[in-house]
Amino acid sequence: MTHRALANVGLAACFCLSAPAALAQVTADELWAEWQAQAAATGQPVAAATVTETGNGLTLGGVTSQYVDSDVSVRSAVDEIRMVENGDGGVDITMSQPYRISLTFPVDGSPGEATIEVLLFHENLAITANGPVEARTYSYTADLLTMTEGAITSGGMPVSMELDGEMRGLNAEYIVDGRNPDNLAITSTTQLDSIAIGLDLRPEDPGQGYLKSSFQMADLATTGNATLG
């Protein structure tokens with residue numbers, strides 16, 4: 001396992017009543033169309049195997065997204081995402097578990113590629129999207145987010161991996177200016193009560209290297225600004 005591959009493993013995916021008649025700021029259909037346009041513009045197209053209209057939104061089945069950069073690809077997948085218009089101009093978003101992220105990359109000295117799958121789980125995850133397109137606001141809260149290893153294909157190099165991570169007390173907000181999908185402006189604030197991650201990666205051949213690392217932090221708060229496109 002090369003240091004480059006190990007680095008990629010470490011890198012390792014959403015107003016109000018102000019008048020006698022409330023006007024929805026975003027609908028589920030509009031939000032799904034936004035996601036597709038923005039994902040395509042940033043080189044990581046998103047698709048759903050099925051899109052089912054409900055009485056108050058959409059249910060997306062078999063949702064996948066993939067990003068390829070040089071010889072490394074990252075694929076995410078979730079069985080179901082439900083988008084429910086909540087009656088106050090926003091959309092509540094829920095998703096099934098687990099959320100899967102697969103990283104595929106070449107292995108030096110091996111004809112095959114390696115794939116490492118990371119599984120994300122959650123407790124009481126709530127996501128709401130609201131606001132106009134120039135300030136689409138995604139609010140996230142969760143009691144607990146965890147991640148662990150999934151399936152591993154080592155590209156002919158036997159390897160074992162143990163991954164344990166958790167984030168507690170998530171409270172985050174992302175504000176996206178999505179008027180131009182080719183030039184998205186994003187501001188974010190995130191708070192976590194704690195985060196802890198441990199990784200133990202052992203190729204069967206010690207000559208291929210060995211990685212064991214862990215870290216933990218408490219009372220974490222971050223802010224950020226980004227432009228994508």
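Buried means under 20% relative accessible area, exposed means over 50%, and partly exposed is what lies in between. I start with that because Tyr 174, at 33% relative accessibility, counts as partly exposed under it. I will come back to Tyr 174 with its ring partner. One caution before going on: this is a predicted model.

First, the overall layout. The protein has two helices and 11 strands. Along the sequence the order is α-α-β-β-β-β-β-β-β-β-β-β-β, so you can follow the chain on the screen with that pattern in mind. There are 229 residues in the protein, and 35% of them are buried. The exposed area is about 12400 Å², and carbon and sulfur atoms supply 52% of that area.

Now the aromatic rings. How many aromatic pairs does a search of the whole structure find? It finds two. One is Trp 32 with Trp 35, an edge-to-face pair with 6.4 Å centre to centre and 80° between the planes. Both of these tryptophans are buried. They sit in helix 2, residues 28-41, and because they are three residues apart there, about one helical turn separates them.

The other pair is Tyr 140 and Tyr 174. Their ring centres are 5.7 Å apart and their planes are at 75°, so this pair is edge-to-face as well. Here the two partners come from distant parts of the chain: Tyr 140 belongs to strand 8, residues 136-153, and Tyr 174 to strand 9, residues 159-177, with their positions 34 residues apart in the numbering. As said at the start, Tyr 174 is partly exposed, since its relative accessibility is 33%.

Next, the charges. The search of the whole structure gives six salt bridges, and I will go through some of them.

Take Arg 100 and Glu 117, whose side chains meet in a salt bridge at 3.4 Å, N to O. This pair also links distant parts of the chain, 17 residues apart, with Arg 100 in strand 5 (residues 99-106) and Glu 117 in strand 6 (residues 113-123). Is each partner buried or partly exposed? Arg 100 has 32% relative accessibility and therefore counts as partly exposed. Glu 117 has 13%, so Glu 117 counts as buried.

The side chains of Asp 200 and Arg 202 form another salt bridge, at 3.2 Å, N to O. Asp 200 is at 15% relative accessibility and so counts as buried. Arg 202 has a relative accessible area of 40%, which means partly exposed.

Then there is Asp 177 with Arg 179, a salt bridge between side chains at 2.7 Å, N to O. Arg 179 is exposed, because its relative accessible area is 58%.

Last, a surface feature. Which residues gather in a patch of negative charge on the surface? They are Asp 29, Glu 30, Glu 53 and Glu 85. Glu 85 lies in strand 3, residues 72-85. Its relative accessibility is 33%, so Glu 85 counts as partly exposed. That value fits the patch, because a patch residue needs over 30% relative accessible area and no salt bridge.

To recap: two aromatic pairs, six salt bridges, and a patch of negative charge on the surface. That is what I have for today.

Definitions and conventions: Residues are numbered from 1 along each chain as its sequence is written. This is a predicted model: local features need pLDDT of at least 70, side-chain atom pairs count only at pLDDT 80 or more; totals for chains, interfaces and linings use all residues. Side-chain values use heavy atoms; hydrogens and water are left out. Patches are made of residues with over 30% relative accessible area and no salt bridge: like charges are joined within 9 Å, nonpolar side chains (Val, Leu, Ile, Met, Phe, Trp, Tyr) within 5 Å. Accessible areas come from the Shrake-Rupley method with a 1.4 Å probe; for residues, only the protein chains shown count as cover. A salt bridge is a side-chain nitrogen of Lys or Arg within 4 Å of a carboxyl oxygen of Asp or Glu. Lys and Arg count as positive and Asp and Glu as negative; His and the chain ends are not counted. The place of a charge is taken as NZ of Lys, CZ of Arg, CG of Asp or CD of Glu. Helices (H or I, at least four residues) and strands (E, at least two) are DSSP runs, numbered from the N terminus. Buried means under 20% relative accessible area, exposed over 50%, partly exposed in between (1.4 Å probe, protein chains only). Rings of Phe, Tyr and Trp (its six-membered ring) pair if their centres lie within 6.5 Å; planes under 30 degrees apart count as stacked, over 60 as edge-to-face and the rest as tilted.
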